[in-house]
Amino acid sequence: MTTDHHSLFIGGTWTEPQSDSRITVYSASTEAVIGSVPEAGKADIDAAVTAARRAFDEAGGWAEWEPARRADVLDRLADEYDNRAEDIFRAVSQQNGMPIAIARQLEVLPSVLFRYYAGLVRKQPLEEVRDGMLSKTVTVRRSPVGVVAAIVPWNVPQTLTATKLAPALAAGCTIVIKPSPETVLDAYLLAEAAQAAGVPPGVVSIVPGGRDIGAYLVSHPGVDKVAFTGSTTGGRAVAKACAELLRPVSLELGGKSAAIILDDADLDLSTVGQSLFASTLANNGQVCFLGTRILAPRNRYNEVVDTFADLITSAPVGDSLDESTLIGPMASKNQRDRVSGYIDVGTAQGARVVVGGAGTPPGLDQGWFVKPTLFADVDNTATIAREEIFGPVLTVIAHDGDANAIRIANDSDYGLGGTVWSSDPERAMAVAGAVQTGTIGLNGYAPDPVGPFGGVKSSGIGREFGPEGLAAYQQLKSIYQFS
Ligand code: NAD
């Protein structure tokens with residue numbers, strides 16, 4: 001049975017699409033067709049932006065509601081998301097290959113974020129009055145930035161939608177969301193949740209489509225701010241369009257983070273196995289912050305290689321809906337070919353294949369599987385150490401102590417995540433402080449909603465999560481009072 005949708009969620013209403021074009025959705029594990037949805041055309045984007053514009057500009061409308069009233073809607077949206085959570089986890093898992101057990105950890109975050117931002121705006125004063133230096137007082141007033149265009153990738157589609165939707169709604173913005181064509185069925189479940197939660201007309205639209213329609217939305221004259229998560233290449237194109245329009249944009253892009261193992265690290269898989277896996281291999285390697293460059297102290301190099309070899313070989317590979325699977329297929333044929341290409345390049349450039357390598361795992365010829373692969377004896381200048389692979393492929397690079405490890409970690413175009421593994425918290429903190437990155441974990445990693453998340457260098461501009469994530473959807477006005 002396939003799930004086929006025939007309407008688009010525009011301005012909170014199920015609307016007849018204005019083009020005949022459709023997106024076919026596949027199971028990453030079986031390559032079978034599992035559904036289809038309309039592909040939004042330019043006229044549909046126009047309708048979504050017009051609805052968002054009207055809802056934002058309307059006197060007494062969403063943007064002018066008391067924050068607590070918007071927060072109530074967000075709380076209801078959280079409940080409605082939770083009501084559909086298991087269906088959403090399954091839809092995501094089928095489409096992008098995320099193991100169902102991992103989906104229950106990664107895609108549970110949207111309702112957490114809806115409630116978190118509801119709580120933040122209930123507490124946040126919209127005005128702050130400061131004693132002036134040249135005027136009597138300066139009133140600093142926060143207001144919503146306007147109509148938001150949110151462009152979302154396929155790897156953790158719901159959470160990466162919610163990192164934009166939750167603060168945007170809390171701030172009083174209206175939003176047009178463009179999911180990736182690979183993951184659209186879950187987007188329909190989110191639309192149903194928004195409708196059931198009573199999000200007012202015009203405030204949320206969800207318009208599935210590819211890059212071209214994304215580019216059209218980004219440059220649309222009715223949009224005030226763009227929030228993009230995706231590849232660095234895509235981010236550069238979006239940044240260029242926004243530069244020309246002087247349109248605020250936040251960019252959450254790619255990564256090639258370092259997992260820095262110090263010589264006093266606990267590598268016992270019975271204690272740190274789960275944390276090591278979550279921070280290097282989660283979601284089949286298709287997570288932007290994973291520490292895929294393992295920096296190993298030279299005097300424990302072989303032990304580190306053996307540890308990661310055990311970690312990989314003990315992770316069951318298979319159909320993403322199988323409860324025991326820890327590594328599923330790649331999200332698409334393109335993505336499978338890309339990751340396989342990097343495995344070939346690594347091998348051709350002389351890295352030692354410890355586990356995995358070319359080809360597909362035994363018995364998994366159907367579905368977009370690659371062999372989870374561990375490369376050893378890799379130099380940080382190798383292609384597989386420099387470019388984001390976005391698959392279950394790890395490289396182990398030797399280091400000669402903390403300072404050298406920091407130097408190698410920082411010798412990268414990217415700076416998004418990273419980890420430090422050590423039994424000495426002060427030493428780990430000192431190393432973490434010296435790494436050029438937006439986020440880093442000590443003996444584990446998980447982007448915590450209370451802390452700003454984002455990248456430096458080619459990993460992006462701006463921050464999501466935390467109060468900083470809300471500030472990205474607010475603008476400030478200073479009112480100088482003289483008498
Ligand atoms: P992608 O850049 O190909 O596509 C991401 C989204 O942007 C899709 O919806 C796509 O249709 C759209 N898009 C692409 N080019 C566009 C353009 N010029 N104008 C408007 N829209 C455009 O990325 P992907 O392959 O879908 O996702 C994987 C990438 O996302 C990886 O590089 C990964 O590291 C990155 N990512 C980053 C974060 C983060 O928070 N930093 C999180 C997840 C994924």
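F465 sits in the loop that runs between strand 22 (460–461) and helix 16 (466–471), and this residue makes a convenient entry into the structure, which is a predicted model. The phi angle of F465 is near 70°, a positive value in a residue other than glycine. F465 has a relative accessible area of 6%; because buried means under 20% relative accessible area, F465 counts as buried. A second residue with this kind of backbone angle is N283, which is not a glycine and yet has a positive phi of about 55°. N283 belongs to the loop between helix 10 (269–280) and strand 14 (291–297). With a relative accessible area of 0%, N283 is buried.

For orientation along the chain, the UniProt record, an unreviewed entry, places the feature "domain: Aldehyde dehydrogenase" at residues 14–479. Across residues 14–479, helix makes up 40% of the chain and strand 21%. The C-alpha atoms at the two ends of this stretch are 42 Å apart.

The same kind of record also points to a single position worth a visit: in an unreviewed entry, UniProt lists E252 for "active site". E252 is part of strand 12 (residues 249–252). Is E252 buried or exposed? Its relative accessible area is 3%, so E252 is buried. Once neighbours within four places in sequence are left aside, the contacts of E252 include F228, T229 and G230. Further along the chain, E252 is also in contact with L416, as well as with F453, G454, G455, S459, G462, R463 and E464.

A little further on, K256 is found in the loop between strand 12 and strand 13 (257–261). K256 also counts as buried, at 3% relative accessibility. How far apart in space are K256 and G415, C-alpha to C-alpha? The distance is 7.2 Å, although the two residues are 159 residues apart in sequence. Leaving aside neighbours within four places in sequence, K256 is in contact with T292 and R293, with the run I384, A385, R386, E387, E388 and I389, and with S412 and Y414.

Attention now turns to the nonpolar interior. The largest nonpolar core has 123 residues, and among these F114 and V204 touch the most other members. Apart from it lies another core, made of 29 residues, including F375, I384, I389 and V435. I384 and I389 have already appeared as contacts of K256. For V204, the contacts beyond its neighbours within four places in sequence are F9, G11, G12, L165, L169, I175, I177 and V199.

V207 lies in the loop between strand 10 (204–206) and helix 8 (211–218). At 0% relative accessibility, V207 counts as buried. The C-alpha atoms of V207 and I45 are separated by 7.0 Å, with their positions 162 residues apart along the chain. With neighbours within four places in sequence left aside, V207 is in contact with I10, A40, I45, A48, V176, I177, K178 and P179.

I45 leads on to the helices. Two packed helices are described by the angle between their axes and the distance between the axes. The axes of helix 1 (residues 42–57) and helix 8 come within 10 Å and cross at roughly 35°. This crossing is right-handed. On the helix 1 side, K42, I45, D46 and V49 meet I213, Y216 and L217 of helix 8.

Helix 2 (residues 67–83) and helix 5 (residues 109–123) form another pair, with axes that come within 8 Å and cross at roughly 165°. Angles over 145 degrees count as roughly antiparallel, and helix 2 and helix 5 are therefore roughly antiparallel to each other. Helix 2 passes helix 5 in a left-handed crossing. The contact is made by P67, A68, A71, D72, L74, D75, L77, A78, D79, Y81 and D82 of helix 2, together with P110, S111, F114, R115, A118, V121 and R122 of helix 5. F114 is thus a link back to the largest nonpolar core.

Helix 3 (residues 85–96) and helix 7 (residues 185–196) have axes that come within 8 Å and cross at roughly 160°, which makes helix 3 roughly antiparallel to helix 7. Their crossing is left-handed. D87, I88, A91, V92 and Q95 of helix 3 make the contact with L185, D186 and L189 of helix 7.

Technical notes: Residues numbered from 1 in each chain as written. Predicted model: local features only at pLDDT ≥ 70, side-chain atom pairs only at ≥ 80, totals over all residues. Heavy atoms only, no water. UniProt positions renumbered as here; feature names shortened; annotations may be inferred. Helix = DSSP H or I, 4+ residues; strand = E, 2+ residues; numbered from the N terminus. Buried < 20%, exposed > 50% of the residue type's maximum accessible area, 1.4 Å probe, protein only. Contact = heavy atoms within 4.5 Å. Core = buried A, V, L, I, M, F, W, Y, C linked by side-chain atoms within 4.5 Å. Axes fitted to C-alpha atoms, helices over the stretch in contact; angles between N-to-C directions. Parallel < 35°, antiparallel > 145°, perpendicular 65-115°, else oblique. Left-handed = near helix turned anticlockwise from the far one by under 90°.
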